[in-house]
Amino acid sequence: MDFKDYYKIMDVEKDASQDEIKRAYRKLARKYHPDVSKDADAEIRFKEVGEAYEALKDPEKRAAYDQLGANWKAGQDFNPPPDWDAGFEFNGAGYTGGDASDYSDFFESLFGRGFGSAQAQHQRGGYTARGEDHHAKVVIDLEDAYHGATRSITLQSPELDNNGHVITKQRTLNVKIPRGVKQGQRIRLTGQGSPGMGNAPAGDLYLEIEFKPHSIYRVDGHDVYLDLPVAPWEAALGATIKVPTPSGPVDLKIAAGTIAGRKLRLKARGIPGKPAGDLYVVTQITLPPADSDTAKELYRKMEQELTYNPRSKLGV
Amino acid sequence: MTQQTLNGILIDEQTELSLNDLCKACSISAEWIIELVEEGALEPIGYIQTQWRFSGNSLQRARTAMRLQRDLGINLSGIALALDLLDKIETLESRLSQFEINNES
């Protein structure tokens, strides 16, 4: 388990006041909130900041954390010393927000788990109530959105057994992913949420679609982007080249004099639907390596025979 | 064990949700959703609450609003502003990328 430097994560000094810590948290939480930031690691950073604040906002937890000593460095292998928390009392003031289950092993080894997660209000008695709706994420490949697919997903849900103990139940569902789904859309599965009380119907399960990051494509709404490497002669002279698309390769004509960063639109080659998205091909001009005598010779020849100054606009 | 394959309903722009559907899907009170409507953050079709129809992306909006309130402690008018600004950023970003295409070809 790695030691976490909560002060460093919050970007505050070790002697920062509680007010300063609160301000730092508010600022970082706004910056990295996954609904606000589009950075790929925003969610991870947001959780990290939430955990750091959880430890530092409570003077008792903070004092206990400080007592661990200043010698620890972030990332160092860490085990809490025995009785490290003797004399401290965590009254379980509850978590600020977010999912307590998201906290790191490091946090849990210090402050334990179990407090704060008492949302499960189980109703007893002879009345009926519709079961709760559940939300889960399903990660699919971009290609699945083009063709449709069937995904098997495993859900874990805490349930009460006959003796009133909380047990984790696992179940697997096969779900059809319709063609044309987009990032963030939801699929509703009626009756797959929590069971109802009495004769009331079960809740629904909402599956949020998330695309697995693709090795070559980027997705924006229903449009798809591809960075296309082009040889200098293809860009300079024009060429017809084979381009992959999620629905199969196509031939694409590159005009003579194409520059790097040009976006070429392949209409309706994005995620299918009404209307269908487009596929944008962004050209990238790559440089052949000068790793042989022939290649070096060709570069020298270009240098000698082409009067080309790439910096002419810079006035030098 | 053979398992049947479940066919769900895709909640897209064409899907319509009632006030009740939306409350259930977010596990939140109708009062909270009504306040979001009063702030203009959600725009259902229909004049009376019992006849309100929300479009499918209202579900995403309402859940974003819930997270903003829970995680950042923003009040409802602040949430309405944040949602509008996030929408505006998205529109500007897609217009910007459109502009880049037209300008280069």
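This report describes a predicted model of chain A and its contact with chain B.

**Overall picture of chain A**

Chain A contains eight helices and 11 strands. Of its 316 residues, 22% count as buried. Among the contacts in chain A with a separation of 6 or more, 59% are made by residues 24 or more positions apart.

The average pLDDT of chain A is 83, and 84% of the residues score at least 70. Two stretches call for caution. Over residues 91-100 of chain A, pLDDT stays under 50, and the model has 18 contacts beyond four places in sequence for this stretch. Residues 114-126 of chain A likewise stay under 50, with 11 contacts beyond four places in sequence. Where pLDDT is low, the predicted coordinates should not be read in detail.

**The contact between the chains**

Chain A contributes 27 residues to the contact, and chain B contributes 24 residues. On the side of chain A that touches chain B, at least two residues come from each of helix H2 (18-32), strand E3 (166-177), strand E4 (186-189), strand E5 (205-211) and strand E10 (263-266). By residue class, this side of chain A comprises 10 nonpolar, seven polar and 10 charged residues.

Strands of both chains also join in shared sheets, which are described next.

**The three-stranded sheet**

One open sheet has three strands in the order E2(A)-E3(A)-E1(B), with mixed pairing. Its edge strands are E2 of chain A and E1 of chain B, each of which pairs on one side only. On average, neighbouring strands of this sheet are turned by 45° against each other, direction ignored.

Within chain A, strand E2 (residues 149-160) and E3(A) run antiparallel and are joined by 12 bridges. E2(A) and E3(A) form a hairpin with five residues between them, and Gly164(A) in the turn has a positive phi of about 85°. Across the chain boundary, E3(A) pairs with strand E1 (residues 5-7) of chain B in the parallel sense, over three bridges.

Individual residue pairs in this sheet are listed below, together with one pair from the four-stranded sheet.

| Residue | Opposite residue | Strand of the opposite residue |
|---|---|---|
| Glu159(A) | Ile167(A) | E3(A) |
| Gln156(A) | Gln170(A) | E3(A) |
| Asn174(A) | Thr5(B) | E1(B) |
| Lys176(A) | Asn7(B) | E1(B) |
| Arg186(A) | Glu208(A) | E5(A) |

**The four-stranded sheet**

A further open sheet has four strands in the order E1(A)-E5(A)-E4(A)-E2(B), again with mixed pairing. Strand E1 (134-140) of chain A and strand E2 (9-11) of chain B are its edge strands, each pairing on one side only. From one strand to the next, the twist averages 30°. E4(A) and E5(A) run antiparallel and are joined by four bridges; the bridge partner of Arg186(A) in E5(A) is Glu208(A).

**Two helices**

Helix H3 (residues 57-72) of chain B has 16 residues, which at 1.5 Å a residue should span 22 Å; the end C-alpha atoms are 22 Å apart, in agreement with that expectation. The buried residues of H3(B) are Ser58(B), Leu59(B), Arg61(B), Ala62(B), Thr64(B), Ala65(B), Leu68(B) and Asp71(B). Just after H3(B), Gly73(B) takes a positive phi of about 65°.

Helix H8 (residues 293-305) of chain A has 13 residues and reaches 18 Å from its first C-alpha to its last, close to the 18 Å expected at 1.5 Å a residue. H8(A) is hardly covered, as the count of buried residues among its 13 residues is zero.

**The loop around Pro34(A)**

Pro34(A) lies in the loop between H2 and helix H3 (42-56) of chain A. With 16 other C-beta atoms within 10 Å, Pro34(A) is partly exposed, because a residue counts as buried at 20 or more such atoms and as exposed at 12 or fewer. Leaving aside neighbours within four places in sequence, Pro34(A) is in contact with Ala42(A), Glu43(A) and Phe46(A). The C-alpha atoms of Pro34(A) and Ile44(A), which are 10 residues apart along the chain, are separated by 8.9 Å.

Definitions and conventions. Residues numbered from 1 in each chain as written. Chains lettered and ligands numbered in written order. Predicted model: local features only at pLDDT ≥ 70, side-chain atom pairs only at ≥ 80, totals over all residues. Contact = placed C-beta atoms within 7 Å. Nonpolar A, V, L, I, M, F, W, Y, C, P; charged D, E, K, R; others polar. Pairing = 2+ DSSP bridges. pLDDT = per-residue confidence, 0-100. Axes fitted to C-alpha atoms, helices over the stretch in contact; angles between N-to-C directions. Expected span 1.5 Å × (residues − 1).
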